[in-house]
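Got the viewer open? Let's take a walk through the model, one selection at a time.

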Amino acid sequence: MIDFSVYDEQFPHISGWKCQKCGTIYYPAPMLCKKCDSRRDPTTGKGWEEFNLEGPCKLLTWTRVWNLPEGFNRKFLMFGMVEFPNGLRASGRLEAEGDPVIGSTLTASVIEADERPGKPVKVFLFS
Amino acid sequence: MAPRIGIAGIGHCRFGNSSDYDLVDVIAYSANDALYDAGGLALRKQVDQVFVGNMAGGMFNHVTSAASALVSRMDMEPCPAELIENGPASGASAIKMGYMAIAAGMADVVLVAAGEVMRSVSGWEATNIVATMSHTEAEYNMGLTLPGFAGMFTRLYMEKYGMTERDLALVAVKDHANGALNKYAHVQLPVTIEAIADGPEANIVNNYIAEPLRMYSTCPITDGSAAVILVNMDSPKAKLFTKKPIMRIAGIGSATDTHCVHNRKDPLVLDAVRLSSQMAYKMAGIGPKDISFAELHDAFVIFELLNSEECGFFERGKSFIGVRNHETDIGGRIPINPSGGLKAKGHPVGATGVSQVVELVRQLRGEAEEGRQVKDPKYGMAVNFGGFGNNVITTIVAKD
Ligand SMILES: [Zn+2]
């Protein structure tokens, strides 16, 4: 039995997850470990280690999206896909002067974004 | 041994803007057309099962349970009816479910009708609704949309294989030339390479959407519907469907891939396309060289190129060279998207898979318009994407 109502995330960060039984790491969180079949309970996290996914990362590819809807108040938004030194990859927003270079090292941090309706969400910012 | 299962009737509306009309009416229009094409509206009483393909009527139109509504609107009660949702591959999935229902012996005649009315909301809202199929925490919440992913994907391909933005424009020129001749296409205007790539105003006419993708690398937002009547060709009921030759479904394959694009070993490799096409080839007992033409899911033109490689029509990284050499034109070695594809015909998400199969049947019957009819085709193949290549259905239809 699981009770999602007790789940109330306290920390403004984005997590990677490590299976304590076999050490395999994931982002985003899986519901089971593909290597050793360990189950993950999202309310307790028991048997899984949560770690902050942030810091240096390598840019794999990027785009600049134009004509944003109301709420964004800017001409364009850049997005990128990165790889962390531990091998995990992530997609998120990108900030750069001019055109970024694929393969360059960036720093991943986490911000809260509220452009879309609903609760603010956590967003990677690669800069 | 499954019975022979074929397509006895097809229906399709002109794609474009149907936002003043009710979603269920839009779908029912093509369903009636398919019955009429198969021999008459009275055949609706022979239908054993209805499957409706629709991705997001709940969000676009505040319409849920569209299959229940459709049977009632078409005077088909108490025919069993279910709604099939598989993102932008809902249509091909509905055909697959119809095939499975007949193969399982639970039906001999299945009506598959699919549609989407997206222009009921703004362009951005439509893009946002489609983006809800991505991973909520790791993709959607970041603000990413499908054009954003396609832009990143296109850049990777360009870096790796040396394709240029002009090559993307060449695909669009070919698709629009075909779409201009298709009475069902949303955009029926040809474009020139001068207008969208080479000319002095190309950067304005063909502005960036998600770099390096431009407007002419992206499908429009489109409403529309399409329908097919599937029949067990070995059943007594098949004798009721004699108006048009029945085109046989020779192969169906489908496969899934990781939900998050970044979790693929090589984000440029579309495993689900390759695996689903291999399944379909195996079932049909044929290979890529036997395919006369293909309708490939080109919501972004980069997908047409990638799909044509994963399906075995080109080596990896070589498809854009084939486009340069006109190998994918009508009359080329392997005509791709003779309908104009999603790029010109339009992409009413839930309807697209059925629309592609309608095009296969039109071509195989020799009913396509002059100038875009493939010469004497034997096998047509359709690839329909759900998600960003993470749920793919391949359908092969044969003219026996
Ligand atoms: Zn494990």
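How many bridges join β1(A) and β2(A), and in which sense do the two strands pair? Select both strands: they pair over 2 bridges, in the antiparallel sense. Bear in mind as you click around that this is a predicted model.

**Stop 1: the sheet in chain A**

Click on K18(A) and look across to β2(A), where I25(A) is its bridge partner. Now add β3(A) to the selection. You should have an open sheet of 3 strands on screen, in the order β2-β1-β3, with antiparallel pairing. β2 and β3 of chain A are the edge strands with a single partner each, so one side of each has no neighbour in the sheet. In general, strands of a sheet pair through backbone hydrogen bonds, so switch those on if your viewer draws them.

**Stop 2: the zinc ion**

Next, select the zinc ion and show the side chains around it. Which atoms hold it? The SG atoms of C19(A), C22(A), C33(A) and C36(A) coordinate the zinc ion at 2.3 Å. Try the angle tool here: the 4 donor atoms subtend angles of 99 to 117° around the metal, which makes the arrangement tetrahedral. Along the sequence, the spacing of these donor residues reads C-x2-C-x10-C-x2-C. C19(A) belongs to strand β1 (residues 15-19), while C33(A) sits in the loop between β2 (25-26) and β3 (48-52), so this pair ties together parts of chain A that are 14 residues apart in sequence. Both C19(A) and C33(A) are buried.

**Stop 3: all of chain A**

Zoom out and colour chain A by secondary structure. What do you get? There are 8 strands and 0 helices, so to speak a run of β-β-β-β-β-β-β-β along the sequence. Measured out along the principal axes, the C-alpha atoms of chain A fill a box of roughly 45 × 35 × 20 Å. Colour by accessibility and buried residues come to 42% of the 127 in chain A. Contacts are worth a look too: of those in chain A with a separation of 6 or more, 50% are between residues 24 or more positions apart.

**Stop 4: helix α7 in chain B**

Move over to chain B and select residues 165-179, which form helix α7. At 1.5 Å a residue, these 15 residues should span 21 Å, and the end C-alpha atoms are indeed 21 Å apart. Is α7(B) largely enclosed or largely open? Of its 15 residues, 12 are buried, so the rest of the structure largely encloses this helix. Among the buried ones are D167(B), K174(B), D175(B) and H176(B), along with L168(B), L170(B) and V171(B). To see what does the covering, show α6 (146-161), α8 (193-198), β6 (213-214), α11 (301-310), α12 (319-324) and α13 (341-345) of chain B, which are included in the cover.

**Stop 5: a strand covered on both faces**

Select residues 293-296 of chain B, strand β9. Turn the view to check each face: F293(B) and E295(B) are on one side, A294(B) and L296(B) on the other, and all are buried. Now bring in β10 (residues 379-386) of chain B, which pairs with β9(B) in the parallel sense over 4 bridges. Opposite A294(B) you'll find M381(B) in β10(B).

**Stop 6: two buried helix residues**

Pick G57(B), in helix α2 (residues 57-60) of chain B. This glycine is buried, at 2% relative accessible area. Beyond its neighbours within four places in sequence, G57(B) is in contact with L23(B), H62(B), V63(B) and E116(B). Draw a C-alpha to C-alpha distance from G57(B) to L43(B): the two are 14 residues apart in sequence and 27 Å apart in space.

Then jump to A67(B), in helix α3 (residues 66-73) of chain B. A67(B) is buried as well, with a relative accessible area of 2%. Its contacts outside the four nearest places in sequence are V52(B), A81(B), E82(B) and L83(B). From A67(B) to V47(B) you count 20 residues in sequence, and 14 Å in space from C-alpha to C-alpha.

**Last stop: the cysteines of chain B**

How many disulfides are there over all chains? The count comes to 0. Select C13(B) and find the closest cysteine sulfur, which is in C219(B): at 16 Å, that is too far for a bond. C13(B) is buried, with a relative accessible area of 10%. Finish on C311(B), whose closest cysteine sulfur is also in C219(B), 18 Å away and too far for a bond. C311(B) is buried too, at 1% relative accessibility.

Terms used: Residues numbered from 1 in each chain as written. Chains lettered and ligands numbered in written order. Predicted model: local features only at pLDDT ≥ 70, side-chain atom pairs only at ≥ 80, totals over all residues. Heavy atoms only, no water. Disulfide = S-S within 2.5 Å. Buried < 20%, exposed > 50% of the residue type's maximum accessible area, 1.4 Å probe, protein only. Donors = N, O, S within 2.8 Å, 3.2 Å for Na, K, Ca; no water. Tetrahedral: all angles 85-135°; square planar, octahedral: opposite > 155°, others 65-115°. Expected span 1.5 Å × (residues − 1). Contact = heavy atoms within 4.5 Å. Pairing = 2+ DSSP bridges.
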